[in-house]
Amino acid sequence: MSDKPKTRFLIYALGIFFCYFVFGILQEKITRGRYGDEVNEDGSRGERFTFALALVGVQCVVNWAFAKGMLLVWQQKKDETHPGYYASCSLTYLLAMVGSNMALRWVPYPTQVVGKAAKPIPVMILAVLIGRKSYPLSRYLCVLTIVLGVVLFMYKDGKSSAVDEEGTGLGELLLILSLAMDGLTGAIQERMRASSAPSAQHMMLAMNGWSSAMVAIPLVISGEALSFIQFTINHPILIWHLTTLALTGALGQLFIFLMVSGFGPLACSVVTTTRKFFTVLFSVLIFGNPLIPRQWAGAILVFLGLFSDIFINKKPPAPPQATKKPLMKEEH
């Protein structure tokens, strides 16, 4: 990979790391925290935010507006992607977001992060089955090594609390659904790249536009929209949390779509998975929490998988017109 693609990849990866580091903190604050000082029947204080559809809807609308603004500033060639691709991809993308956010009502944030760390596996499997993609065996082994390292590092020993046990089953099922939808989204994106190669901005605009329309229907029918508005009026600090969450999510998603359009969904999944590892690693270093041997083993596996993928799967540049099929830029 030449210096220019390397620089682009580094910028996209750092953008994903920073934006979703802030995003994760705010997501946990909103979904796991409490708002207000009211004393509940169980003695706890404050109200829980339970509006998963509204949370996803806000993110989709802001993402759409962000992409629209980007296209007004930087003109792109006409997007010729078939609407059917965007509709199906938006549905799986929406279900993945809703499932992930709803899971936080029944599982702690670290459990969600560990579950989503396995994202490269369904992305890779479904990219092969649906996206007609092929990968060398070494790439499968590298991705599996990274995922195993993240899981080893982030897994917490000890018994679950009574609250966590109440959510056992449903939260995990939602995470599995979210992972499956992530895999389908990646597979459809591979097909889109092969057929029309839409720009990151067009992909972001169309997918969030479709998703905003889709999520609006259950929001209105279920009455969650009105309940969400009333909750926000009662706790105006939520506006600041949601605004910051949506903006960091929009900017982070732009970097994700840039990564997908330039380097492929698998490369993007590896970066986002590794970002979760570094998020935890930085918190350990900042707060001085010691690492146990299992966590050191997980760290070694992650770095081993990353460096192996960089050096083993590095391909020499293909000669001009060596193939009619566009080459995938997957160096990471």
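The following exchange covers how terms are applied to this predicted model.

Modeller: In this predicted model, local features need pLDDT of at least 70 and side-chain atom pairs count only at pLDDT 80 or more, while totals for chains, interfaces and linings use all residues. Residues are numbered from 1 along each chain as its sequence is written, and side-chain values use heavy atoms, with hydrogens and water left out.

Colleague: What is the mean pLDDT of the protein chain?

Modeller: The mean is 78, and 77% of the residues reach 70 or more. pLDDT is the predictor's confidence in each residue, from 0 to 100.

Colleague: Where is confidence lowest, and where is it highest?

Modeller: Helix α7 (residues 162–166) has the lowest confidence, at a mean of 47, and helix α10 (residues 224–234) the highest, at 93. Over residues 159–164 pLDDT stays under 50, and the model has four contacts there beyond four places in sequence. Residues 316–332 also stay under 50, with 24 such contacts. Contact means heavy atoms within 4.5 Å.

Colleague: How many helices and strands does the protein chain have, and what makes a run count as one?

Modeller: There are 13 helices and two strands. Both are DSSP runs numbered from the N terminus: H or I over at least four residues for a helix, E over at least two for a strand.

Colleague: Why is Val107 called buried?

Modeller: Its relative accessible area is 1%. Buried means under 20%, exposed over 50%, and partly exposed in between, with a 1.4 Å probe and protein chains only, so Val107 is buried. Val107 sits in the loop between α3 (83–103) and α4 (109–116). Leaving aside residues up to four places away in sequence, Val107 touches Arg32, Gln112, Gly171, Glu172 and Leu175. Arg32 is 75 residues from Val107 along the chain, with 9.5 Å between their C-alpha atoms.

Colleague: Why is Gln59 called buried, being a residue of helix α2?

Modeller: Gln59 has a relative accessible area of 6% and is therefore buried. Beyond four places in sequence, Gln59 touches Phe23, Met97, Asn101 and Leu245. Over the protein chain, buried residues make up 48% of the 332 residues.

Colleague: Is Ala194 in helix α8 buried or exposed, and why?

Modeller: Ala194 has a relative accessible area of 58%, so the word is exposed. The C-alpha atoms of Ala194 and Lys133 are separated by 9.9 Å, the two residues being 61 apart along the chain.

Colleague: What makes the span of helix α8 close to the one expected?

Modeller: The expected span is 1.5 Å times one less than the number of residues. Helix α8 (residues 170–195) has 26 residues and reaches 38 Å from its first C-alpha to its last, against an expected 38 Å. After α8 comes Ala197, with a positive phi near 50 degrees.

Colleague: Which residues make the nonpolar surface patch, and what qualifies a residue for a patch?

Modeller: Ile121, Ile125, Val128, Leu129, Leu144 and Leu148 make the patch, of about 500 Å². Patch residues have over 30% relative accessible area and no salt bridge; like charges are joined within 9 Å, nonpolar side chains (Val, Leu, Ile, Met, Phe, Trp, Tyr) within 5 Å. A salt bridge is a side-chain nitrogen of Lys or Arg within 4 Å of a carboxyl oxygen of Asp or Glu. Areas come from the Shrake-Rupley method with a 1.4 Å probe; for residues, only the protein chains shown count as cover. Ile121, in helix α5, is at 33% and so partly exposed. The largest share, four residues, comes from α5.
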